[in-house]
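Let's go through a model together and practise reading a few of its features. Take a look at the structure first, then we'll talk.

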Amino acid sequence: MVPGLSPIGLRSIDYAIIAIYFAFVLGIGWQLRRAMRTSTDFFLSGRSLPAWITGLAFLSANLGAQEVIGMGASGAKYGISTSHFYWIGAVPAMLFVGIFMMPFYYGSKARSVPEYLRLRFDEKTRAFNAVSFAIMTVFSSGVSMYAMGALMHLLLGWSFNVSVLVSAVIVLTYILLGGLTSAIYNEVLQFFLIVFGFAPLVIVGLNEVGGWSGLQVKLTQLAVSQGHPAGAYTHAWKGMDAPAHNLIGVEWFGLVMGLGFVLSFGYWCTDFLVVQRAMAADSMESARRTPLIAAVPKMVFPFLVILPGMIALVIGGKGIIPAKVAEGGGPLLDAAGHVVLDYDLATPSMLMHLFPNGMLGLGLAALLASFMSGMAGNITAFNTVWTYDLYQTYIRKDANDEHYLWIGRVATVVGIALAIAAAYVAASFNNIMELLQLVFAFVNAPLFATFFLGMFWRRTTGHGAFWGLLSGTVAAAVHHGLTLPAGAVPGVKGGYFGVLETFRSEMGQTFWTAIFAWTTCFVVTIIISMLTRPRPDEELVGLVYSLTPKPVSTARAVWEKPAFLGIVTLLLLLVLNLLFR
Amino acid sequence: MSATGDLDVRVPIGALFTVLGVLLTAYGALEPISVKSAFTRGGQINMWWGLVMLVFGVFMLLIARPSKASKAT
């Protein structure tokens, strides 16, 4: 345990709250155990859920523990600019996928994102996407399991093994029993628990530092004392003219194009983990509303997850974020002799310092909830892609539905076992994980170019898509290999082919790598498509924008129409950005 | 039977928040912050937040669609 990090220990009330939460999570799975009759029930909830449920699940599946902890850490590191990851880094893409892309995902009756690629392009494009996605989901749930186990050990002295195994078994049980419905229902429950667990943290924290204005004053003093511009922590857009003027170390173009366009659209519009939630909706109308409904809470989530990190930086005068421990045991110092803070502990320290027993149990349950929803999201996406896109395609084509339902359950167990193995790999070889995540980033960066061209340009061919994806991935690796963030040595951080350019921050490098990958994929896909034979138009009906009848919204009330929801959300987004500019 | 087995998700959510709300409120009322954290100044946060959760839980239960035979299915 970190000295000074846990001023109060857990009491039976805290354990009781956590135990009750676990009981409900398992209870939902138990209640649904007989509802899983076909593979469609298990993998797609029988396409039967209303939009508000799939919408909250869409948001919650992405809200893993790493997200909650990581956004608090970034809040302490970059201040309110971290909201860019939500505001321009998520909301516009969520609106786009709902209004423009969902008609093809849902309307094509594809059962997964790779399957859409099969329908639109060809087998090799699907295989490339399915394999990389399956590996990625297993490893990312392994990494987050590791992070959670390590955190619980550090905060509460819980055994790493026990934390990892108990949470894995709980997630396993409720997915096995109730399939995607169970995962989604629990994500909705977890969404509310996260809101009710973190909102009081922000309220109490803000109260302690004198409200938003008090926080601004304190953070301005801190920024000045560190030699940053006065508004570095409290303004989202002010220093975005040049990388040297803001804490993220990136300029507005890299931010808007790299994060706001390439990375954000690449994730929210193509990642099966989130798209699967919308595919479970009961109608086209609900499927389109799913990401739109998710976008509204997404917009205000920065206040819930980023503010705790910002408050942790200054609360009580000196903040409560512990320093990283150097090898000798003392606090770690950087080159300039400043103490390096362990930012990942910003949000957990807030929980430990601000909540009395009782609330502490609630806060920890919320943290565990975020961990479980993220993990369940990965596992349900994994078992579907494995069963439909890999097993049914390459191993056994014509089995009966019962067989695939059984395989889905097996894949759930195997997926979780692999994730646990990955957690232990992460615990012993940190660099391997960093390397893998890097490879996934390369594979993901160009994805949106492929989907965008596929959906909106009927001339795009399968060969174009496949080679575009591949060259985009290579372009990402090359760009990363030729650049380096300031202060890093060539290696896993880049520069392995020589250093042509140095970025002010790793973030800047990531954004520009993504921009290069996307542009390469976009251009190569177009060139190869022009050189290869297009598919006849009649095969592409329902898969391409210009050949598909426009979905007519059947919603009677104007506020239920996707376009209206989208415009209102964009206006709110604009207001938020102006307020915190 | 659909893939939701006639279970309205608002029922477990409402029930969880009601139970946690009652528990926190009671704990906050009976144990007036004997062990208080370094920063929370006296306020009965357990009790007040417990009440907020209780209200939310009851609200969810009220708007849940009446279950036909929730346990029997």
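**Reading the features, one at a time**

Q: Where in chain A does A:Arg47 lie?

A: This is a predicted model, and in it A:Arg47 lies in the loop between helix H2 (39–44) and helix H3 (51–62) of chain A.

Q: What should I check about the backbone there, and what is phi of A:Arg47?

A: Start with the general idea: most residues other than glycine have a negative phi. Now the case here: A:Arg47 isn't a glycine, yet its phi is positive, about 40 degrees. A:Lys109 is another residue other than glycine with a positive phi, near 65 degrees. You'll find A:Lys109 in the loop between helix H5 (91–107) and helix H6 (113–120) of chain A.

Q: How do I read exposure, and why does A:Arg47 count as partly exposed?

A: You count C-beta neighbours: 20 or more within 10 Å means buried, 12 or fewer means exposed, and anything in between is partly exposed. A:Arg47 has 19 inside 10 Å, so it counts as partly exposed. A:Lys109 has 12 other C-beta atoms within 10 Å, so it is exposed.

Q: And A:Phe371, buried or exposed?

A: A:Phe371 has 29 C-beta neighbours inside 10 Å, so it counts as buried. This residue sits in helix H15 of chain A. Leaving out residues up to four places away in sequence, A:Phe371 touches A:Gly64, A:Ala65, A:Ser144, A:Met148 and A:Ser167. As for A:Phe272, the C-alpha atoms of A:Phe371 and A:Phe272 are 19 Å apart, with their positions 99 residues apart in sequence.

Q: How do I check the length of a helix, and what should helix H12 of chain A span?

A: Use 1.5 Å a residue and compare with the distance between the end C-alpha atoms. Helix H12 (residues 284–305) of chain A has 22 residues, so it should span 32 Å, and its end C-alpha atoms are indeed 32 Å apart. There is a bend to note as well: H12(A) turns by about 35 degrees at A:Met299, with a proline, A:Pro302, following within four residues. H12(A) is also mostly covered, with 17 of its 22 residues buried.

Q: What describes a pair of packed helices?

A: The angle between their axes and the distance between the axes. Try helix H9 (residues 211–225) and helix H13 (residues 307–314), both of chain A: their axes come within 10 Å and cross at roughly 60 degrees. The crossing of H9(A) past H13(A) is left-handed. H9(A) brings A:Leu215, A:Lys218, A:Leu219 and A:Leu222 to the contact, while H13(A) brings A:Met310, A:Ile311, A:Leu313 and A:Val314. By class, that's seven nonpolar residues, no polar ones and one charged.

Q: What about chain B: how many helices and strands does it have?

A: Chain B has two helices and zero strands. Of its 73 residues, 36% are buried. For contacts within the chain, look at sequence separation: among those between residues at least 6 apart, 82% join residues at least 24 apart.

Q: And where the two chains meet, how many residues take part from each?

A: Chain A puts in 38 residues and chain B 27. On the chain A side, helix H1 (12–31), helix H8 (160–209), helix H14 (346–354) and helix H15 (359–395) each supply at least two residues. H8(A) gives the most, with nine residues. By class, the side of chain A that touches chain B divides into 25 nonpolar, ten polar and three charged residues.

Notes:
Residues numbered from 1 in each chain as written. Chains lettered and ligands numbered in written order. Predicted model: local features only at pLDDT ≥ 70, side-chain atom pairs only at ≥ 80, totals over all residues. Contact = placed C-beta atoms within 7 Å. Expected span 1.5 Å × (residues − 1). Bend = angle between axes of the 7 residues up to and from the residue. Nonpolar A, V, L, I, M, F, W, Y, C, P; charged D, E, K, R; others polar. Axes fitted to C-alpha atoms, helices over the stretch in contact; angles between N-to-C directions. Left-handed = near helix turned anticlockwise from the far one by under 90°.
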